[in-house]
Amino acid sequence: MRKGIPLGVATGLLAGAGVGVALSDHERRHRLERQARVWRLTTRRGAHWATMKVRGRRATDAERVRLEEQFAIRTAEDVAQVLGNMKGAIMKAGQMISFIAEGLPPEAQAALATLQADVPPMAPSLAEGVIRAELGADPEKLFLEWNRVPVAAASIGQVHRAVMPDGRVVAVKVQYPGVDKAIKSDLDNAEMLYGLFASFALKNMDVKGLVDELRARMGDELDYRLEARCQAEFAVRYRGHPFIHVPEVVPERSTRRVITSEWVGGVNWAELLATASPEAKQQAAEILFRFAEGSIWHHGVFNGDPHPGNYRFLPDGTVTFLDFGLVKRWSPGELESLSPILDAILRSDPDGTEAALIEAGFLSAHHPLTAKRIYEYVSTPYLPFQTDDFTYTPEHVATTIQTMIDLNGEFGDVIRQLNMPPSYVILDRVVWGVSALLGRLGARGNFQALLAEYRKGAPPSTELGQVEAAWRARQSTVAP
C-alpha cells in the first residue's frame, strides 16, 4: 500500500517552495500565504506529536491512551480552525476525512464536524459580480427575486435562493472568485495535509491514492458545466422515482461558474438526526444505501461525495441528492474486475479472494501472506453482508475503519502488501462514507439481501425494494 509523506519531508518540501520566491504579484502572495498557514499548522502538530511520543515512553498503557486521545482532540480542533476559513481543496480535504473519522474521540469528531457546516460566505457584491460576468446581467434582471444572503456556503461556492421569470423557485450556486487559483495552489499542499491527517488524527491511514484521485478530479469540480451535465444525467435516470429525487438543472442560468437548479425543501442531515423518528431514520438509511448501490451497479456512474450536507430529507420520506461535482464513471473492465473479489468474500472463500485480488491488481502474485490471513483482513468491512440481520453503529464503523487503516495494528503486514488501484479510490470513499452515515442512523436490516438486489438481480427484500422494482418495470416499458 502506498505510504503517506513523512512529516519532516512534507514540511521541508513546503517550506522550500517559498524560498527565494519574490512576492511580485497578488496571486503569488496569496499562494504563499496559504502555504505558510498550512506549514505552520503542520509544524505545530509535528512538535506536539514529538512531545507526546517522548512523554509516552515513560507512561503506562492507560496514560499513553489518554495522551493519544488528547493529541487527537487538539489536532482536530487545530485543523478545523485553520481549514475552516481556507476555501478550496484544503478545506475539501478536511471535509473528506471529517465525516468518516469515526475512530476519533467524540471531542475530535465534534471539532472536525464543523468542517461539514456552512463556512463564512463571500460578500453579496462578489457573488453578484460572478453572476454578472457569467450570465451577462445583474441578478435582479435575471431573476424575479434574488436573495443576496446565501442559504449555504461550502468549500468552492455558495448557494442563493432565487425565482425565475416563469415563477420557478431555484437554487443558484455561485463559485467563489479566485477559488480556481487557490485550488491549483492547494493541490500541491493537499498531499502533505492528508499525510498530517493520516499520521496523527487517523494514525497510519494511507491516503496517497486519494490525493492522486483528488488531483485528477478537482479541476472537474471547478467547471460547473460538467457538474450540470452530471446532475442532469442523474435527474433523468431518477425522474419520477418513488423515493429518490435529483433536482432538475436550469441550463439557461448555468455556466462555468454558476449552476442553477430547482429549489428543494426538506430538512438537512443534522435536523434529521435531531428530530426524525427511528422509523424515518431507518427509511432514510435504506434510501441512501439504495441510491449508492443502484448507481454503482445498475448505472455504472455514481456520486463520489457522500457528504452529509448533500442530502435533504422530505416529510414524505423522499431523499433529495445534491452536488454532483465529483462523479465517478466506470471504465470498461473496472467493475468486472471488482465483482469476483466481492463474490469470493461473500461466499467466505479465502483462496478465491486471494486469486481475485491478484487478478485485479490489488495484490502481488509474489506476496508472502497466506490466503487465510488476507481473507481475515479484507473481509472485515463485509460483516454486514454476511448475515441476514445486521445493525450499523458508530462503534462498529469506528472499529472497522481503525482495523483497515492502521499500519501498526493487527493487520499491518497485510496492509503493507495491498495496493489499491487509483480507479477504485472514489468507490472506497463512497463505501466508507455511506457506512459512516448508516452508523449514525443506527441502520438495521438484511444488507446481504439489499446488496444482492443490485448485484445479482435478486427479488426485492423490503417494501421500498418492491416499490422501486415496480417503478423500474414501468420505466422499462416506456419507449426511449
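Helices, taken as DSSP runs of at least four residues, and strands, taken as runs of at least two, are numbered here from the N terminus. In the predicted model described below, the protein chain contains 20 helices and 12 strands. Of its 480 residues, 52% are buried, and residues 24 or more positions apart account for 70% of the contacts with a separation of 6 or more. The structure further holds 23 salt bridges and four cavities of 30 Å³ or more.

Among these cavities, the second largest has a volume of about 120 Å³. Its lining is made up of 13 residues, and those nearest the centre of the cavity are Phe291, Ala292, Asn303, Pro306 and Tyr311. Helix H12 (278-299), strand S7 and helix H18 (425-441) are the elements that give two or more residues to this lining, and the largest share, five residues, is provided by H12.

Strand S7 (301-303) is also one of the two elements that flank the loop holding Asn310, the other being strand S8 (311-313). Asn310 has a relative accessibility of 8% and therefore counts as buried, the cut-off for this class being under 20% relative accessible area. A polar atom of the Asn310 side chain lies 3.0 Å from the backbone oxygen of Asp305. When neighbours within four places in sequence are set aside, Asp305 is again found among the residues in contact with Asn310, together with Thr320, Phe321, Leu322 and Asp323.

Helix H19 (residues 447-456) is largely enclosed by the rest of the structure, because seven of its 10 residues are buried. The buried positions are Phe447, Ala449, Leu450, Leu451, Glu453, Tyr454 and Arg455, a set in which the charged residues Glu453 and Arg455 occur alongside Phe447 and the two leucines. These buried residues pack against H12, helix H13 (334-346), strand S11 (390-391), H18, strand S12 (444-445) and helix H20 (463-476); H12 and H18 thus appear both in this packing and in the lining of the second largest cavity. After H19 comes Gly457, a residue with a positive phi near 70°.

Helix H20, one of the packing partners of H19, carries a salt bridge between Arg472 and Glu468, in which the closest N and O atoms are 3.5 Å apart. The two residues are separated by about one helical turn, because they stand four residues apart in H20. As a general matter, an α-helix has 3.6 residues a turn, so residues three or four places apart point the same way. With a relative accessible area of 22%, Arg472 is partly exposed, whereas Glu468, at 3% relative accessibility, counts as buried. Through salt bridges that share partners, Arg472 and Glu468 are joined with Glu286, Arg290 and Glu453 into one network, and Glu453 is one of the buried residues of H19.

Other salt bridges were examined individually. The side chains of Asp389 and Arg444 meet at an N to O distance of 2.7 Å, and this pair links distant parts of the chain, with Asp389 in the loop between helix H15 (371-378) and S11, Arg444 in strand S12, and their positions 55 residues apart. Asp389 counts as partly exposed at 38% relative accessibility, while Arg444, at 54%, counts as exposed. In a further salt bridge, formed by Arg239 and Glu248, the closest N and O atoms are 2.8 Å apart. Arg239 is partly exposed, with a relative accessibility of 45%, and Glu248 likewise counts as partly exposed, at 29%.

Glu354, located in helix H14 (residues 350-360), presents another situation, being buried yet without a salt bridge. The nearest side chain of opposite charge, that of Arg347, is 12 Å away from Glu354, whereas a salt bridge requires a side-chain nitrogen of Lys or Arg within 4 Å of a carboxyl oxygen. The side chain of Glu354 is instead joined to that of His367 by a polar contact of 2.7 Å. Beyond its neighbours within four places in sequence, Glu354 is in contact with Leu363, His367, Leu369, Ala371 and Ile374.

Technical notes:
Residues are numbered from 1 along each chain as its sequence is written. This is a predicted model: local features need pLDDT of at least 70, side-chain atom pairs count only at pLDDT 80 or more; totals for chains, interfaces and linings use all residues. Side-chain values use heavy atoms; hydrogens and water are left out. Buried means under 20% relative accessible area, exposed over 50%, partly exposed in between (1.4 Å probe, protein chains only). Lys and Arg count as positive and Asp and Glu as negative; His and the chain ends are not counted. A polar contact is a pair of N or O atoms within 3.5 Å; within protein, one must be able to donate a hydrogen and the other to accept it, and residues adjacent in sequence count only if both atoms are side-chain atoms. Contact means heavy atoms within 4.5 Å. On a 1 Å grid over the protein atoms alone, a cavity is a set of points where a 1.4 Å probe fits but cannot get out, and a pocket is an open set with protein on both sides within 12 Å along at least five of seven lines; lining residues have an atom within 4 Å of a point. Grid points are joined across faces, edges and corners, and a volume is the space filled by probe spheres set on the points.
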